[in-house]
Amino acid sequence: MPHKGVWLVLKQFALASYALYLLSGMVITTIGSVLPPLLAYYDLSYTVGGQLVFLGSAGFVIGVPFSSFLMNRLSERALMSMAASFVAMAQLGMLLLPPVEWIFFLNFFNGFGVAMLETVVATLMMEVFVGRRAVAMSYLEVSFGVGALVMPIISSLFIAQDAWRFSFLTPGLFAVFMAVAWWFISYSKENADVAESLDASTPPPPKITSPRTKWLFLSLFTLMIFVYTGIEGSLNNFLSSVFVSYLGAVPYFASLSIGIFWTAMVIGRVATGWVIRKVTYSRFLLFSITGTLAGLTCFALWKNAIVAYAIVALLGLMMSGIYSITMVYANHSLPGMARLVTGSITGFAGLGQAVFPVFIGFTMDHADTSAALWLITGFAGLYAALLLIVFILQMKLRKNAAVVNGVS
């Protein structure tokens, strides 16, 4: 256990990191929260609105490798202050309602800044809180989820007062505060919190000596996160539409499905910090994806709106810890590669959120909602298959190591 002074520094660093993820959750949902009045103000179609959202995702995807590149050249403190400044400029710039071309640019810039925040914070969490990575990441995800829940509420209050543009003010000012505050945050990777593990006792990973095998594992984990965020992004964007077109719900009640989903996600992420102290990473992920697969299957088969709300809550609980624990499991399996692993996973997460909803939207337009639901279910099955491949490869490596040790 670090001595008291070091522990206070680590606690300060952790709280500041959670605040940045809270900011990320807020700004990632700002445009979506005010999209209808924004499009009406600029006289734009929903097709153009979709392009605006996609551009934000593109900024995120480009921002991840850029921030990974800068991490080897600038201090993390400077990077996080810079990223918060980018977000502040984007949010406060949109508050001014400039010409529409600038709105597109600013939303791209917004996604770019969020990518920098998430990449740097997640990487530092992997490096600083070695003994409690899963717990730390679950708290980050809770913070993000709270931000994603709070921002639509704030926006709805401003919209009700016909002052929707001021929705950008709250995250903008918060970003300014964080940009300044991070210059006063202390931390040290030399005093990393490794003495007391809060995560479950997970067997040490099999030793990987071959670069080819390391890249194989990294590819599997990045594909897993790509598929998972595709599922989450598809549900975020089309859950309300599914309730309207597939279950016959009225739009007002259909929109409640997203609130239920994210409420369950936040509750689940709070619980993840406790559950992961009791089970291994692999068992947690296997249970979570099995529950997700079962929930999606029931959703596709059971065409009842009331039951569907319960299934949505179940999906939120089951999916809540998959992203964070996949990232932790990947770092655990590939020790010494935190920056590459975390950067790759964060980048593919943004790519999955951008790409998969396009396929789901196309399927809903050209086939039917049922086909889209089965496609999302298929994504969950693919994640489960990739997870099983990771298990099999790790078992094979352990078996080979045991044979070599037995011979020696």
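1. Buried here means under 20% relative accessible area, exposed means over 50%, and partly exposed is in between, with a 1.4 Å probe and protein chains only. By that yardstick, both Glu141 and Arg269 are buried. Before going on, some ground rules: this is a predicted model, in which local features need pLDDT of at least 70 and side-chain atom pairs count only at pLDDT 80 or more, while totals for chains, interfaces and linings use all residues. Residues are numbered from 1 along each chain as its sequence is written, and side-chain values use heavy atoms, with hydrogens and water left out.

2. Back to that buried pair. Glu141 and Arg269 form a salt bridge, with 3.2 Å between the closest N and O atoms. The two ends come from distant parts of the chain, 128 residues apart: Glu141 sits in helix H7 (residues 133-160) and Arg269 in helix H10 (residues 251-275). A salt bridge is a side-chain nitrogen of Lys or Arg within 4 Å of a carboxyl oxygen of Asp or Glu, and by this rule the count comes to one. As for the helix labels, helices (H or I, at least four residues) and strands (E, at least two) are DSSP runs, numbered from the N terminus.

3. Stay with H7 for a moment, as Val135 is in that helix too. Val135 counts as buried because its relative accessible area is 3%. Its C-alpha atom is 9.6 Å from that of Val328, although the two are 193 residues apart along the chain.

4. Helix H1 (residues 4-28) holds Leu20. With 0% relative accessibility, Leu20 is therefore buried. Follow its C-alpha to that of Leu140 and you cover 8.8 Å, for a pair 120 residues apart along the chain.

5. Next, have a look at helix H11 (residues 281-301), where Leu296 is found. Leu296 has a relative accessible area of 1%, so it is buried. Leu296 and Leu375 are 79 residues apart along the chain, and their C-alpha atoms are separated by 10.0 Å.

6. Ala264 belongs to helix H10. It is buried because its relative accessible area is 6%. From Ala264 to Leu301 there are 37 residues in sequence and 22 Å in space, C-alpha to C-alpha.

7. Now for some backbone angles. Most residues other than glycine have a negative phi, and most peptide bonds are trans. Asp43 isn't a glycine, yet its phi is positive, at about 55°. You'll find Asp43 in the loop between helix H3 (35-42) and helix H4 (46-71). Its relative accessible area is 70%, so Asp43 is exposed.

8. Asp162 is also worth checking: it too has a positive phi of about 55° without being a glycine. Asp162 lies in the loop between H7 and H8. At 67% relative accessibility, it therefore counts as exposed.

9. Over to the surface, where Val176, Val180, Trp183 and Phe184 make up a nonpolar patch with about 440 Å² of accessible area together. Patches are made of residues with over 30% relative accessible area and no salt bridge, joined within 9 Å for like charges and within 5 Å for nonpolar side chains (Val, Leu, Ile, Met, Phe, Trp, Tyr). The areas come from the Shrake-Rupley method with a 1.4 Å probe, and for residues only the protein chains shown count as cover. Val180 is in helix H8 (residues 169-181). Val180 counts as partly exposed because its relative accessibility is 49%.

10. Last, the second largest pocket. It holds about 280 Å³ of space. A pocket is an open set of points on a 1 Å grid over the protein atoms alone, where a 1.4 Å probe fits, with protein on both sides within 12 Å along at least five of seven lines; lining residues have an atom within 4 Å of a point. The volume is the space filled by probe spheres set on the points.

11. Which residues lie nearest the centre of the second largest pocket? They are Lys207, Ile208, Thr213, Leu397 and Asn400, out of 14 lining residues. Helix H9 (211-245) and helix H15 (369-407) are the elements that give two or more residues to this lining. The largest share, six residues, comes from H15. By class, the lining has seven nonpolar, four polar and three charged residues, where Ala, Val, Leu, Ile, Met, Phe, Trp, Tyr, Cys and Pro count as nonpolar, Asp, Glu, Lys and Arg as charged, and the others, Gly among them, as polar.
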